[in-house]
Amino acid sequence: MTGRLVLCSTPIGNLGDISTRLAETLGEAHLILAEDTRRARILLNHLGIGTRPVSYHLGNEADRSDWLAGKLADGALVALITDAGTPAIGDPGLSAVRSARRVGATVSIVPGPSAVVAALAVSGLPSERFVFEGFLPRQGGDRRARLDLLAVEQRTIVLFSAPTRVAQDLADLAQKLGDQRPVTVVRELTKVHEEVWSGGIGEAAQECNLRMPRGEFTLVLEGSPPPLVPLEQAVEEVKGRMEQGEPMSEAVRHVAKEMEMSRRMLYQAVLQG
């Protein structure tokens, strides 16, 4: 009989958020996989659990996924935890789930804390439709391309940021999305120094530069307003220019400028159309 993989959501800062089911699952597990074994021991010691955690993180999950599949095929009950929050949501876990599926093992979850959902809930921004973008790329073309996409994203945007990068992230977001775009900056959720700040992106960037803040950050940004001109209309305008012999890149550039919309978004829409 194959085993079971349980994705275990752990507190994002406050050990008081440990659920009864989390404690029971970790106590019953034959094997506990952890993103950081040192941090995992703090949690396990708090619960009085002596099982020694085994590391499973982005650096070794490719090598350990087959080993995990073997354990599950032999019938093991495996609990997977990350540093904080829910595994596989911006954290290691996807490869573990795929390994379990490959050998026919059951996959279940102990739901619980999530910085994404918690920050979205306290932001005061629309939550009916949102997109989680993780961390922004550090530099270069990948970063510019992501910022271009976020500039026209109409859903509420949730991002993670590190203390050493949050001021620059906010400054770049302000430049691309506009100083006045509403943002809620959430720092150290559920911890002693929890802070929730709301205002324009430009002001948020200045605030972070002045205060040199520490801690883990989640940024929640209001989505872009719908374009004044429907995308379909802009695509037809580009096609009309192309029929008259204008190169596609030039047609997209002219129409995007005239209609005040993202050139990248229009270019992709023309290709898809």
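Start at helix 2 (residues 37–47): this helix supplies the largest share of the second largest pocket's lining, 4 residues. Keep in mind as you click around that the model is predicted.

**Stop 1: the second largest pocket**

With helix 2 still highlighted, bring up the space beside those lining residues. The second largest pocket holds about 250 Å³. Its lining counts 18 residues, and to centre your view you can pick Pro11, Leu15, Arg39, Leu43 and Asp83, the closest ones to the pocket's centre. Colour the lining by class and you get 9 nonpolar, 4 polar and 5 charged residues.

**Stop 2: the largest pocket**

Next, select Ala84, Asp91, Ala115, Phe160 and Glu216. Those five lie nearest the centre of the largest pocket, out of 24 residues that line it. The volume here is about 540 Å³. To see which elements build the walls, show helix 5 (115–123), strand 7 (156–161), strand 8 and strand 10 (217–221), each of which gives two or more residues to the lining. By class, the lining of the largest pocket splits into 10 nonpolar, 6 polar and 8 charged residues.

**Stop 3: helix 6 against helix 7**

Time for some helix packing. Select helix 6 (residues 140–152) along with helix 7, and look at how their axes come within 9 Å and cross at roughly 55°. Helix 6 and helix 7 are therefore oblique to each other, and their crossing is right-handed. For the side chains, show Arg143, Leu147, Asp148, Leu150 and Ala151 on helix 6; they meet Gln168, Asp169, Asp172, Leu173, Lys176 and Leu177 on helix 7. Sorted by class, this contact has 5 nonpolar, 1 polar and 5 charged residues.

**Stop 4: helix 7 against helix 8**

Keep helix 7 (residues 166–177) and swap helix 6 for helix 8 (residues 201–211). The helix 7 and helix 8 axes sit 8 Å apart, at an angle of about 160°. An angle over 145 degrees counts as roughly antiparallel, and helix 7 and helix 8 are therefore roughly antiparallel to each other. Helix 7 passes helix 8 in a left-handed crossing.

Which residues in helix 7 and helix 8 meet? On helix 7, select Val166, Ala167, Leu170, Ala171, Leu173, Ala174 and Leu177; facing them on helix 8 are Ile201, Gly202, Ala204, Ala205, Cys208 and Asn209. The class count for this contact is 11 nonpolar, 2 polar and no charged residues. Leu173 and Leu177 are worth labelling: both are in the contact with helix 8, and both also appear in the contact with helix 6.

**Stop 5: the cavity by helix 8**

Stay on helix 8 for the last stop. Searching the whole structure turns up 1 cavity of 30 Å³ or more. How much space lies in the largest cavity? About 120 Å³.

To outline the largest cavity, select Val185, Arg187, Glu195, Trp197, Ala204, Glu207, Cys208, Arg211, Pro213 and Phe217. Strand 8 (182–187), strand 9 (195–200) and helix 8 are the elements giving two or more residues to this lining, and helix 8 gives the most, with 4 residues. The class split for the cavity is 6 nonpolar, no polar and 4 charged. Try Ala204 and Cys208 as your final selection: they line the cavity and are also among the helix 8 residues that meet helix 7.

Notes
Residues numbered from 1 in each chain as written. Predicted model: local features only at pLDDT ≥ 70, side-chain atom pairs only at ≥ 80, totals over all residues. Heavy atoms only, no water. Axes fitted to C-alpha atoms, helices over the stretch in contact; angles between N-to-C directions. Parallel < 35°, antiparallel > 145°, perpendicular 65-115°, else oblique. Left-handed = near helix turned anticlockwise from the far one by under 90°. Contact = heavy atoms within 4.5 Å. Nonpolar A, V, L, I, M, F, W, Y, C, P; charged D, E, K, R; others polar. 1 Å grid on protein atoms, 1.4 Å probe; cavity = no way out; pocket = protein on both sides within 12 Å on 5 of 7 lines; lining within 4 Å. Points joined across faces, edges and corners; volume = space filled by probe spheres on them.
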